[in-house]
Amino acid sequence: MKRDPQHPEECPGRPEPPLPSPSISTLPAEGAELDLTPPVWIFGYGSLVWRPGFEFTSRKVGFIRGYSRRFWQGDTFHRGNERMPGRVVTLQEDCGACTWGVAYEVCGEQIPASLQYLNMREAVLGGYDTKLVKFHPQEKDAEEPILALVYIATPQNPSYLGPASEEDIAAQIIVSSGCAGHNIEYLLRLADFMRYFCPQAEDKHLFSIEEALISILPCLYYTEEPLEETANVPQDSKS
């Protein structure tokens, strides 16, 4: 399933200087509130783009610079299990690249509730750390980037799987399923988000895995008996 050629992973505008390290504490496993100034924006680039799971005031489609989305994080809960870990996305530092996703604005009582929920979903169960990044909304009239919280899985966490070929990643996704559903659904929903909400952007890694998965699926249903012969087999009659 190929798309029309676009500029791969292109970010509008010129590259920006790196964001200075913020005076912010990472979210510990036991859960604690971050020292953020309301309203808080949370950037999602994986399952958060279609299933945030928390209440929010507004949402914006856009991108962050300096990162590429990669299916390098293992998942033994949401989209896999201990026996067959699934593969979900994390961010890899990549100068000149960008990652498209959705930023959610949370206000008032939404802030501690959303951070507590995401601490369990992303940090405790997912193995992700927190970081602040500059989020650029898709709207043409957007003036300044928004400082947003993002969850990133690093090679230091025990579930990190690292690089693999698109074919190997697709093969692993096909056989993996967890509490949130099948790993295939995760991949296809993310590809659909990019296709319908960010048609001007390209994610070669994501769509190459989708193409590899689609090419593998017919092989799983292969049978040596032709379908026309099967159709002519007489059926048992019932009196």
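## Rings

Which residues do ring pairs link into a cluster with Phe43? In this predicted model, the other members of that cluster are Tyr45 and Phe135.

There are 9 aromatic pairs in the count. One of them brings Phe54 and Tyr104 together edge-to-face, with 5.6 Å from centre to centre and 80° between the planes. Those two rings come from distant parts of the chain, 50 residues apart: Phe54 sits in the loop between strand E1 (40-44) and strand E2 (58-75), while Tyr104 belongs to strand E3 (residues 86-106). Phe54 has a relative accessibility of 9%, so it counts as buried. Tyr104 is buried too, with a relative accessible area of 1%.

## Strand E5 and its partners

Have a look at E5 next, which spans residues 146-152. This strand is mostly covered, with 6 of its 7 residues buried. E5 pairs with E1 in the parallel sense over 2 bridges, and Ile42 is found opposite Leu149 of E5.

With strand E4 (residues 129-137), E5 pairs in the antiparallel sense, this time over 7 bridges. Here Val133 stands opposite Ala148 in E5.

## Salt bridges

Opposite charges get their turn now: the structure holds 8 salt bridges. In one of them Lys60 joins Glu139, and their closest N and O atoms are 3.6 Å apart. The partners are 79 residues apart in the chain, with Lys60 in strand E2 and Glu139 in the loop between E4 and E5. Lys60 counts as partly exposed because its relative accessibility is 26%; Glu139, at 33%, also counts as partly exposed.

Another salt bridge joins the side chains of Asp203 and Arg69, at 3.0 Å from N to O. Asp203 lies in the loop between helix H3 (183-197) and helix H4 (204-220) and Arg69 is in strand E2, so this pair ties together parts that are 134 residues apart in sequence. Both Asp203 and Arg69 are buried. So much for distant partners; Arg121 and Glu122 also form a salt bridge, with 3.2 Å between the closest N and O atoms, and both of these residues are buried. Then there is a network: Arg79, Glu185 and Arg189 are joined by salt bridges that share partners.

## Pro155 in its loop

Is Pro155 buried or exposed? Its relative accessible area is 52%, and the cut-off for exposed is over 50%, so Pro155 is exposed. This proline belongs to the loop between strand E5 and helix H2 (166-174). From Pro155 to Gly127 the C-alpha distance is 10.0 Å, with their positions 28 residues apart in sequence.

Technical notes:
Residues are numbered from 1 along each chain as its sequence is written. This is a predicted model: local features need pLDDT of at least 70, side-chain atom pairs count only at pLDDT 80 or more; totals for chains, interfaces and linings use all residues. Side-chain values use heavy atoms; hydrogens and water are left out. Helices (H or I, at least four residues) and strands (E, at least two) are DSSP runs, numbered from the N terminus. Buried means under 20% relative accessible area, exposed over 50%, partly exposed in between (1.4 Å probe, protein chains only). Rings of Phe, Tyr and Trp (its six-membered ring) pair if their centres lie within 6.5 Å; planes under 30 degrees apart count as stacked, over 60 as edge-to-face and the rest as tilted. Two strands pair if DSSP finds at least two bridges between them. A salt bridge is a side-chain nitrogen of Lys or Arg within 4 Å of a carboxyl oxygen of Asp or Glu.
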